[in-house]
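Biologist: Could you take a close look at the ligand site of this model and describe it for someone who works with computed structures?

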Amino acid sequence: MDEPIRVLAGTGGVALGEARTNHFGRRAILLHREGNPRELIALAETMGIEIVDIQHQKGKDDPRTYFGKGRMQDVADEISASITGHPYHGVDLVLLHTNASPRQLVGINELVQVEVWDRVRLLLSLFISHANSVEARTQVRIAQLKADRTVLSELVNRQLTGERAGFGGGGIQAVQGVLTTVSRELAQLRKKQQKQALARKERRRQRTRGGARTVGLAGYTNAGKSSLFSVLCGKEVLIENKLFSTLETTIGRMEMSPRVLLADTIGFIDELPSDLLDAFHATLDESLECDLLLILVDSSDTISEIERKLSTSRREVLDRSPDGIVPMQVVLTKSDRAESHENAKQVISAMGFSEPLIVSSHTQEGLDELRESMLMSLFGPQKTLIVSKGEASERSAEAYVSQIYDAGIVTSKAGYEITLWCCNRELERLIAKSGGRISLK
Ligand SMILES: Nc1nc2c(ncn2[C@@H]2O[C@H](COP(=O)(O)OP(=O)(O)OP(=O)(O)O)[C@@H](O)[C@H]2O)c(=O)[nH]1
Ligand SMILES: [Mg+2]
């Protein structure tokens with residue numbers, strides 16, 4: 001494949017140097033108008049970016065420069081005049097607490113002359129630095145190129161309307177050339193993504209052929225999905241106190257219940273443009289197309305955060321489940337960090353969910369109840385089967401016992417009485433094929 005094109009969405013141009021993937025230690029100023037910028041600050045901190053100043057302006061967005069032009073010029077002057085010792089010294093990034101239009105990104109960049117990221121560009125850069133598998137990189141690159149294309153089109157537009165002088169030596173042709181290359185790379189990446197999605201589908205078909213059931217773990221980013229996955233499956237996955245540590249789906253078998261598959265996946269976040277989330281649809285679908293969906297909520301969050309994050313998770317799940325709704329169960333995680341769960345329970349029930357389960361992956365509190373509730377939802381109540389000894393000439397009872405072990409999850413055995421979790425269809429098949437040797441107690 002050709003050398004990847006160096007475009008930095010939001011800089012208002014084609015970046016000539018190395019495309020950066022590590023932003024640790026960068027200094028930024030944050031501009032915001034409405035809403036609470038806390039989540040944006042957490043995203044920047046996750047990447048090791050230091051926010052040296054937060055500026056606020058009331059009122060409506062300026063369609064060209066987000067802040068009013070005069071105020072933005074003041075910001076630009078301060079950045080360019082800053083000397084050693086000034087808080088703005090070394091600032092090479094302006095963050096906007098909004099999903100900005102390409103026009104605003106380019107307009108601000110022209111004034112401040114440093115990189116400009118809105119929420120989408122910040123998330124993209126975060127995804128790029130966390131993508132460490134071929135599939136995640138393909139997904140993120142698609143999202144990045146789509147975002148870059150809008151900025152490039154804005155540049156072409158400005159040059160055509162005479163708002164901006166030609167870019168670099170090549171002027172408009174250079175930018176149009178890059179646009180063509182971006183479109184070509186996007187087409188190649190989409191093909192690659194389709195192949196990856198097909199391979200995922202095939203793997204899923206093979207896994208579930210033997211009657212395995214899948215439980216998806218969904219929830220806001222940092223809710224504790226990977227931690228729960230790891231403790232239930234005994235399989236190591238990346239767990240970090242960072243937003244978007246996980247970018248793709250990992251499947252594991254639940255310990256002691258190999259017929260239950262768990263799917264850990266990328267988390268949700270508010271106001272993620274659907275274009276961006278669409279880039280992850282193959283990986284997300286793998287965990288959302290399941291028999292039971294656990295929606296994880298961090299119980300150590302404030303009540304209003306719990307409500308906001310749960311409603312975002314629900315909306316994203318429903319938007320992505322056009323073929324009908326999978327049973328959902330809310331799970332309050334990190335119970336060791338919350339003093340009381342009563343208010344959280346009330347909010348969750350007011351949102352129409354059934355009583356949440358409460359767990360801690362760290363102390364293991366509530367895990368047995370969670371496993372039991374998952375099995376109940378997947379297979380219905382446990383059943384007890386009796387294997388008759390039969391005549392001496394007949395097949396040994398042990399052979400039937402072993403068939404029962406293959407068909408479900410056995411929880412106890414007393415002589416030839418066996419109690420297990422097993423779906424009704426499988427149970428009926430087992431009994432019908434046993435010629436009267438297996439019966440329900
Ligand atoms: N105290 C406590 N911390 C927990 C628990 N479960 C998870 N954490 C912490 O919460 C942070 C996020 O956990 P992850 O399991 O990576 O969360 P995630 O939902 O997979 O996050 P992303 O993949 O980034 O969306 C980590 O620092 C975990 O150690 C828990 O039961 N108790
Ligand atoms: Mg994770």
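Modeller: What follows describes the site of the two ligands and then the chain around it. This is a predicted model, in which local features need pLDDT of at least 70 and side-chain atom pairs count only at pLDDT 80 or more, while totals for chains, interfaces and linings use all residues. Residues are numbered from 1 along each chain as its sequence is written, chains are lettered from A and ligands numbered from 1 in the order in which they are written, and side-chain values use heavy atoms, with hydrogens and water left out.

Ligand 1 is surrounded by 21 residues, each having a heavy atom within 4 Å of the ligand, and the closest are Lys 225, Ser 227, Ser 245, Thr 246 and Asp 336. This shell divides into four nonpolar, 11 polar and six charged residues, where Ala, Val, Leu, Ile, Met, Phe, Trp, Tyr, Cys and Pro count as nonpolar, Asp, Glu, Lys and Arg as charged, and the others, Gly among them, as polar.

Turning to individual atom pairs, a backbone N or O atom of Ser 245 lies 2.7 Å from an oxygen atom of ligand 1, a polar backbone atom of Asn 222 is 3.1 Å from an oxygen atom of the ligand, and a polar side-chain atom of Ser 360 lies 3.3 Å from an oxygen atom of the ligand. On its own, ligand 1 has 650 Å² of accessible area, and the protein covers 92% of this (areas by the Shrake-Rupley method with a 1.4 Å probe).

The magnesium ion, ligand 2, has as its protein donors Ser 226 through OG and Thr 246 through OG1, lying 2.0 to 2.1 Å from the ion; donors are N, O and S atoms within 2.8 Å of the metal (3.2 Å for Na, K and Ca), and sites may look incomplete, as water is not among the atoms. This pair links distant parts of the chain, since Ser 226 belongs to helix H7 (residues 225–233) and Thr 246 to the loop between H7 and strand S6 (250–254), 20 residues apart. Helices (H or I, at least four residues) and strands (E, at least two) are DSSP runs, numbered from the N terminus. Both Ser 226 and Thr 246 are buried, that is, under 20% relative accessible area with a 1.4 Å probe and protein chains only.

As for the surroundings, the protein chain holds 14 helices and 14 strands, and buried residues make up 53% of its 441 residues.

How values were computed: A polar contact is a pair of N or O atoms within 3.5 Å; within protein, one must be able to donate a hydrogen and the other to accept it, and residues adjacent in sequence count only if both atoms are side-chain atoms. Buried means under 20% relative accessible area, exposed over 50%, partly exposed in between (1.4 Å probe, protein chains only).
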